[in-house]
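Work through the exercises below with the sequence and model at hand. Each task is followed by a worked solution.

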Amino acid sequence: MSPTLLISKEIPNLSYQPKGDRFDISWQQPLSTLLGMGRAAGADFVEFFLEKSNYINCLAEDDTITSITPRLAKGAGVRVFKGKADCYVSTNDLTFNGLKQALEKALSILGLTIPQGSAFIPEINLELFRDYATLKNKDMWLSQCSNMQEMGDVLLSANQFIEKKASKVRSRRAAYFRDWQEVLVASTDGTFARDIRLTQSVGYNLLCADGQNRSSIGKRDGDTSNPDFLRQWNYQNVAEEVAESAGKMLYADYVESGQYPIIMANQFGGVIFHEACGHLLETTQIERKSTPFIDKKGEKIAHENLTAWDEGLSDKAFGTIDMDDEGMPPQRTLLIENGILKNFIADRAGSIRTGHPRTGSGRRSNYSYAAASRMRNTYIAPGEYTLDNIFSSIDKGIYCKKMGGGSVGPTGEFNFGVDEAYLVENGKITKPLKGATLIGEAKEIMKKISMSSQDLALAAGFCGSVSGSIYVTVGQPHIKVDSITVGGR
């Protein structure tokens with residue numbers, strides 16, 4: 001027996017002081033000790049998630065910087081499992097005693113107590129330190145990003161440029177944010193891993209007006225892992241695209257309500273699949289019994305044309321991660337293949353409670369949330385059709401080029417606004433339309449996606465759910481929906 005084996009009565013005298021500002025190997029000893037305490041108390045599984053974050057956003061309205069908002073935070077969360085029951089406690093005290101108090105609180109919620117007296121507390125043997133930040137040269141990322149002066153200069157220049165390209169301008173907004181996060185995960189299964197994430201986004205919102213006519217068009221780009229992202233933003237090209245769309249929509253006719261075949265554009269068109277179907281494939285929905293697909297694995301739930309993926313691997317995409325917030329490397333998960341449901345999106349808790357295997361999808365907004373099953377880069381795969389094939393298949397329908405906001409019910413009922421739409425007649429775009437809203441239900445609309453083109457494109461997005469707001473990618477090629485309810489006038 002090791003002469004240094006810890007016993008309970010020595011716990012009050014313990015003191016550890018990790019070195020430096022980083023979450024490095026010096027955290028191994030205190031965390032392995034704390035994890036051992038949790039196991040000695042009777043927990044089946046214990047996990048610590050440590051985080052430091054540095055966030056800033058900048059907003060330019062017309063020719064003025066109207067907001068610069070920085071935010072610094074640090075803290076940790078501890079999750080304890082006993083059977084299928086679990087609890088989560090967070091703290092912003094990263095000292096050994098602060099983490100120990102959080103652990104004791106979590107244990108007590110499950111009726112567990114660290115043994116007293118002369119009970120042995122075996123430390124957890126953690127794996128060799130997996131440090132993705134150092135391995136991939138991420139430690140200098142924060143210092144290499146644009147400073148506040150540069151942020152303001154770029155956004156003001158962008159707003160000045162879009163004014164030259166658009167007409168009937170009522171307001172111009174350019175916004176940017178940078179979110180830097182360092183995380184460390186340690187758990188009783190031996191996980192011991194560190195990463196740094198850098199997420200950035202920049203975009204326009206343009207409002208044009210002429211009398212009673214209004215149009216509002218936005219476009220946002222996002223990136224992970226590139227400190228030069230803002231410097232490389234081609235706001236001239238984006239401004240021309242946004243200005244052109246706003247001009248077409250300003251005097252567009254209102255769409256007539258009815259049932260139509262529609263073509264949905266690639267890129268952000270994938271938001272409907274994300275919202276109306278993707279969430280229903282997360283194990284959190286299975287646990288709640290709030291998904292119509294709960295017992296459909298291996299069955300046909302969509303048109304045979306449709307194949308869909310969720311993964312965390314696409315280069316620089318908004319949902320790309322080197323590890324999830326439970327320390328697991330990201331996987332490429334085939335959700336639907338030729339209409340057949342193949343897999344669900346699972347975190348650790350979801351896997352324990354539903355039996356579906358983990359997919360590297362345990363994600364959270366920050367340390368104040370427990371990880372949950374969440375999407376990463378989720379998209380409909382390219383198909384075999386050309387754009388000409390898809391357009392020529394429609395006698396009268398609607399082309400939805402830019403999607404807007406919307407809402408989704410707990411079991412997949414949805415409605416989404418369309419910011420930019422066009423009438424399609426005899427396979428050709430004939431005139432712009434505005435005021436369109438797509439209304440449907442996931443389990444029905446999936447069966448009507450009958451054609452997919454070959455031009456898959458991804459778009460940055462934000463997703464809110466039980467573990468807070470996270471960064472995700474949506475995407476698809478151009479697709480045809482055979483029939484959908486379109487609200488209008």
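Two exercises follow, on a helix pair and on a pocket.

The model is predicted, so local features need pLDDT of at least 70 and side-chain atom pairs count only at pLDDT 80 or more, while totals for chains, interfaces and linings use all residues. Residues are numbered from 1 along each chain as its sequence is written, and side-chain values use heavy atoms, with hydrogens and water left out.

**Exercise 1.** Describe how helices α5 and α6 are oriented to each other.

Solution.
1. Locate the helices (DSSP runs of H or I, at least four residues, numbered from the N terminus): α5 spans residues 148-165 and α6 spans residues 235-250.
2. Their axes, which are lines fitted to C-alpha atoms over the stretch in contact, come within 9 Å and cross at roughly 40 degrees.
3. Angles from 0 to 180 degrees between N-to-C directions are used; under 35 degrees is roughly parallel, over 145 roughly antiparallel, 65 to 115 roughly perpendicular and the rest oblique. The pair α5 and α6 is therefore oblique.

**Exercise 2.** Which residues lie nearest the centre of the largest pocket?

Solution.
1. A pocket is an open set of points on a 1 Å grid over the protein atoms alone, where a 1.4 Å probe fits, with protein on both sides within 12 Å along at least five of seven lines; lining residues have an atom within 4 Å of a point.
2. The largest pocket holds about 850 Å³, as the space filled by probe spheres set on the points.
3. Its lining has 43 residues, and Lys 219, Arg 220, Phe 268, Ala 459 and Ala 460 lie nearest the centre.
4. β9 contributes the most to this lining, with 8 residues.

How values were computed. Helices (H or I, at least four residues) and strands (E, at least two) are DSSP runs, numbered from the N terminus.
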